[in-house]
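Hi everyone, thanks for coming. Let's have the model up on the screen, and then I'll talk through a few spots in it.

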Amino acid sequence: MTRKNDILDIYTKEVESIREAGLFKGEAPFISPQGARVTMEDGRELLCMCANNYLGLGDSPRLIEAAKRTYDEKGFGVASVRFICGTQDIHKKLEAKISGFLGTDDTILYSSCFDANGGLFETILTAQDAVISDELNHASIIDGVRLCKAKRYRYKNNDMEDLETQLQAADAAGARIKLIATDGVFSMDGIICNLKGICDLADKYNALVMVDDSHAVGFVGKHGRGTPEYCGVEGRVDIITGTLGKALGGASGGYTSGRKEIIDLLRQRSRPYLFSNSLAPAIAGASIEMFNMLEESTQLRDHLEEITAYYRKELTENGFDIIPGTHPCVPVMLYEEKLAVAYAKKMMEKGVYVVAFSYPVVPKGKARIRTQVCASHTKEDIDFIVKCFKETRDEIGR
């Protein structure tokens with residue numbers, strides 16, 4: 001019989017092997033609000049270039065004030081799940097706001113988008129059905145699919161020919177329901193999915209379409225309504241999942257939005273919804289105010305689009321290997337894990353908060369510094385980070 005100390009030693013050795021391979025993921029706490037710049041515990045101020053804070057709303061005074069008002073009006077928490085006594089009027093108002101913004105029938109809130117994806121597939125699919133998933137989908141989609149009994153098919157990233165092959169295979173196997181699942185934006189690469197191609201194939205093969213648009217809603221598309229707007233397929237996507245924890249204020253909370261029939265069933269059977277506390281009132285109240293801001297003006301997403309294009313141009317012209325595109329997720333490809341760690345350390349020393357991305361977040365041999373532009377960044381900020389990248393390259397020698 002293995003002793004407890006021997007068991008714990010197994011875990012210790014595994015962490016040590018992760019560290020030796022250059023894959024260890026540490027934390028660098030800061031003491032300020034999230035913003036274009038953050039203040040570290042030692043007092044240093046760093047330019048933050050790795051946050052999902054796309055619209056720069058993490059420290060928005062307007063959202064902070066809305067949250068404070070909600071604390072006064074609705075309390076700290078509801079201490080319940082939705083169907084018992086955890087639904088306040090602001091939860092329903094926020095769901096209506098999201099539906100109106102996305103142009104969907106209805107919306108259901110979750111504690112996170114990870115929960116939204118985790119509670120989706122097992123609720124709407126059975127062993128008679130099939131889910132066809134992009135190979136680069138987010139971990140939450142992968143885990144959600146694992147929970148369901150549907151037959152699983154995987155297609156090559158953004159490859160419509162392979163997707164059609166998998167749809168044909170699902171038909172041949174007699175699938176009752178076919179659901180295509182994809183990220184709206186593959187955030188490790190900054191690639192926007194070919195949603196029009198997906199919807200066209202879904203129409204051809206009578207399949208449902210599910211999109212996780214966490215890295216798009218609020219700023220992708222002319223009005224920030226996400227990849228369906230960007231790809232011209234609004235109204236053709238059956239299920240949209242997303243988060244309030246990135247562009248939409250940067251706090252927490254997630255949602256599933258889409259066809260009424262699907263949302264109705266999720267309210268009755270989705271386990272993370274039925275067995276997790278309701279979204280905190282202050283987040284719901286501030287999120288309603290955030291959608292008001294998005295409906296008033298596209299100024300933030302317009303600036304983000306402009307400054308992202310400038311950043312991508314500067315990196316390319318200075319010889320850095322980036323994945324082409326328009327999204328503010330801009331990975332600087334280094335490939336070697338230890339090299340990426342060395343770059344991140346140097347950049348932090350120079351005043352730029354970035355992180356090395358390596359396995360299992362990205363495939364082995366595909367390490368990178370995934371930089372992310374926010375609407376709170378300026379042209380001067382972009383010039384500074386490019387300068388730091390160039391200095392780091394010169395100092396490291398590659």
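Cys85 is exposed at 56% relative accessibility, where exposed means over 50%, buried under 20% and partly exposed in between, with a 1.4 Å probe on protein chains only. Cys199, by contrast, is buried, at 1%. Searching the whole structure turns up zero disulfides, a disulfide being two cysteine sulfur atoms within 2.5 Å. For Cys199, the nearest cysteine sulfur belongs to Cys231, 8.3 Å away.

A quick word on the source: this is a predicted model, where local features need pLDDT of at least 70 and side-chain atom pairs 80 or more, while totals for chains, interfaces and linings use all residues. Residues are numbered from 1 along each chain as its sequence is written, and side-chain values use heavy atoms, without hydrogens and water.

Now, helix 15, residues 337–350; helices here are DSSP runs of H or I, at least four residues, strands are E runs of at least two, and both are numbered from the N terminus. How far apart are its end C-alpha atoms? They are 20 Å apart, which agrees with the span expected for 14 residues, namely 1.5 Å times one less than the number of residues. Its buried residues are Glu337, Leu339, Ala340, Tyr343, Ala344, Met347 and Met348. An α-helix has 3.6 residues a turn, so residues three or four places apart point the same way. Those buried residues pack against several elements, including strand 12 (329–335) and helix 16 (379–396), with contact meaning heavy atoms within 4.5 Å. Just after helix 15, Gly351 has a positive phi of about 110°.
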